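I sat down with a coffee and this model open on the screen. Here is my notebook from the session, in the order I looked things up.

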Amino acid sequence: MKRLAILGSTGSIGQSTLSIVEQFPERYQVATLAAGRNIDEVFAQSVRWRPRLVSLATEELAAQLQARLHESGITGIEVVHGTAGTVVCSTRADVDFVVSAIVGVSGLEATHAAILAGKPVGLANKECMVAAGEILTAAARKHQVPILPIDSEHNAVHQCLRVGTHAEVKTIWLTASGGPFRQLPIDQFKSITPEQALKHPTWVMGRRITIDSATMLNKGLEVIEACRLFDVPPSQVRVTVHPQSTVHSMVEYIDGSILAQISVTDMRLPILYALAWPERPASSLTFDLAALRHLDFEQPDMERFPCLRLAFEAAAKGGTHCIALNAADEVAVEAFLERRIPFTGIADTIEKVLASTPEAHPATIAEVLAADREARLIAHALLA
Ligand code: MG
């Protein structure tokens with residue numbers, strides 16, 4: 001029995017994780033939940049799953065949840081709050097595995113603390129790896145803690161890497177759907193609306209990641225994530241546009257063999273893989289090979305998707321440039337969704353923030369968070 005801490009329990013990965021727990025009650029149990037502000041959902045989850053501890057964003061929300069649990073006659077659930085609360089969630093003695101799925105850098109400290117406490121981590125939060133990948137992977141090596149990627153591409157790569165050695169890897173190929181604007185004439189990019197950008201062709205996801213898929217910045221973050229997770233330089237990571245999203249990613253070996261992972265586009269599969277690794281439990285998530293007609297692959301257009309170029313440049317510099325790439329994008333996406341800047345303004349903002357970010361390599365989580373704040377300040381000032 002694995003007892004889980006689910007950081008980001010009310011988000012889409014958190015909910016999919018709970019549906020895996022529901023399907024495999026003999027394997028998994030909910031120990032702790034960390035959520036943000038969705039009090040109704042976290043109350044329902046507490047009633048259903050009876051965790052030992054729940055953490056919410058603020059003291060006020062924690063008090064509200066406590067009152068509702070009390071009114072419903074539910075006892076035995078401790079309620080905490082804030083970053084310290086999330087850290088308790090991920091490090092308690094009764095936690096065997098941590099699912100890190102809080103969007104943004106707010107899950108960073110709890111993920112780092114989990115690794116230091118020796119807890120295996122299923123990582124769905126790519127911002128953690130982008131902002132602090134060097135620190136997290138060094139800690140994981142030191143404490144011999146596995147980090148199992150839940151992001152579908154890295155999960156596919158993790159699977160494909162099981163058949164070869166690190167020295168035998170030539171290229172990691174990340175597949176990208178290309179988003180909704182793969183074929184839109186480039187002169188129309190300026191007038192893309194938030195409504196158009198929020199419609200993703202294959203995956204249903206959160207708002208920021210959907211916009212990031214439309215700009216392909218998401219793929220850029222994944223390039224950086226792949227470098228850190230699999231210990232390869234950016235020159236060994238390539239992106240290929242694959243509109244069917246059937247091949248989730250590939251590994252090319254030095255002998256010329258390319259291994260690909262194919263499965264349904266359902267996040268429950270990478271979650272189950274991460275939770276069960278190194279085992280593979282039987283599941284009902286079958287892929288209909290007979291319905292597969294063709295697989296297309298094409299080169300990404302860096303002119304159409306400048307965010308991808310910026311991400312490769314940041315990956316080569318590492319440190320503060322990766323942090324600033326992520327932070328500036330988050331601020332710029334928010335501005336785009338609020339109609340304060342055009343779609344093309346997202347890449348423009350990131351490029352300007354990167355240009356005024358000094359190159360440095362933070363050695364601690366506190367330094368990472370300081371660099372993150374600094375980049376956000378620059379981005380906000382630019383957009384004011
Ligand atoms: Mg992905």
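The entries below go from the metal site to salt bridges, helices, single residues and a surface patch.

**Entry 1: the metal site**

I kept in mind from the start that this is a predicted model. I first asked which residues coordinate the magnesium ion. I found D151 and E222 among the donors, along with E153, and all of the contacts go through OD or OE atoms at 2.1 to 2.4 Å. Along the sequence I read the donor spacing as D-x1-E-x68-E. I checked accessibility next: D151 and E153 are both buried. E222 counts as buried too, because its relative accessibility is 1%, and the cut-off for buried is under 20%.

**Entry 2: from the metal donor to its salt bridge**

I stayed with E222 and looked at its side chain, which meets that of K219 in a salt bridge of 2.7 Å, N to O. Both residues sit in helix α10, and being three residues apart there puts them about one helical turn from each other. K219 is buried, with a relative accessible area of 5%. So E222 turns up twice in my notes, as a donor to the magnesium ion and as a salt-bridge partner of K219.

**Entry 3: salt bridges across the chain**

How many salt bridges are there by this rule? I got a count of 25. I picked out the one between R228 and E134, at 3.0 Å from N to O. R228 belongs to helix α10 (residues 217-230) and E134 to helix α6 (residues 126-142), so this pair ties together parts that are 94 residues apart in sequence. Are the two partners buried or partly exposed? R228 is buried at 10% relative accessible area, while E134 is partly exposed at 37%.

I then went to E330 and R208, whose side chains form a salt bridge of 3.2 Å, N to O. This pair also links distant parts of the chain: E330 is in helix α13 (residues 319-337), R208 is in helix α9 (residues 207-215), and their positions lie 122 residues apart in the numbering. E330 counts as partly exposed at 23% relative accessibility, and R208 counts as buried at 11%. I also noted that E330 and R208 belong to a network of salt bridges that includes E127, D212, D329, D372 and R376.

**Entry 4: helix α15**

D372 and R376 from that network led me to α15, where both are listed among the buried residues. Other buried residues of α15 include I365, V368, L369, I378 and L383. What covers the buried side of this helix? I found α5 (108-116), α6, α13 and α14 among the covering elements. I also checked the helix length: at 1.5 Å a residue, the 19 residues should span 27 Å, and the end C-alpha atoms are 27 Å apart, which agrees.

**Entry 5: P362, just ahead of α15**

I looked at P362, which is in the loop between α14 (344-355) and α15 (365-383). P362 is buried, with a relative accessible area of 16%. Leaving aside neighbours within four places in sequence, P362 is in contact with I135, G319, T320, I323, E367 and V368. I also compared P362 with I6: they are 356 residues apart in sequence and 27 Å apart in space, C-alpha to C-alpha.

**Entry 6: helix α1**

I ran the length check on α1 (residues 12-23) as well. Its twelve residues should span 16 Å at 1.5 Å a residue, and its end C-alpha atoms are 17 Å apart, which agrees. The buried residues of α1 are I13, G14, S16, T17, L18, I20 and V21. They pack against β1 (2-7), β2 (28-34), α2 (39-49), β5 (97-100) and α11 (268-276).

**Entry 7: S90**

I found S90 in helix α4 (residues 82-91). Buried or exposed? S90 counts as buried, at 0% relative accessibility. Not counting residues up to four places away in sequence, S90 touches A5, L7, V95, V98, A110, A113, A114 and K119.

**Entry 8: a nonpolar patch outside**

I finished on the surface, where I262, L295 and F297 form a nonpolar patch with about 230 Å² of accessible area together. I262 lies in strand β11 (residues 258-262) and counts as partly exposed, at 35% relative accessibility.

Key
Residues are numbered from 1 along each chain as its sequence is written. This is a predicted model: local features need pLDDT of at least 70, side-chain atom pairs count only at pLDDT 80 or more; totals for chains, interfaces and linings use all residues. Side-chain values use heavy atoms; hydrogens and water are left out. Patches are made of residues with over 30% relative accessible area and no salt bridge: like charges are joined within 9 Å, nonpolar side chains (Val, Leu, Ile, Met, Phe, Trp, Tyr) within 5 Å. Accessible areas come from the Shrake-Rupley method with a 1.4 Å probe; for residues, only the protein chains shown count as cover. A salt bridge is a side-chain nitrogen of Lys or Arg within 4 Å of a carboxyl oxygen of Asp or Glu. Helices (H or I, at least four residues) and strands (E, at least two) are DSSP runs, numbered from the N terminus. Buried means under 20% relative accessible area, exposed over 50%, partly exposed in between (1.4 Å probe, protein chains only). The expected span of a helix is 1.5 Å times one less than its number of residues. Contact means heavy atoms within 4.5 Å. Donors are N, O and S atoms within 2.8 Å of the metal (3.2 Å for Na, K and Ca); water is not among the atoms, so sites may look incomplete.
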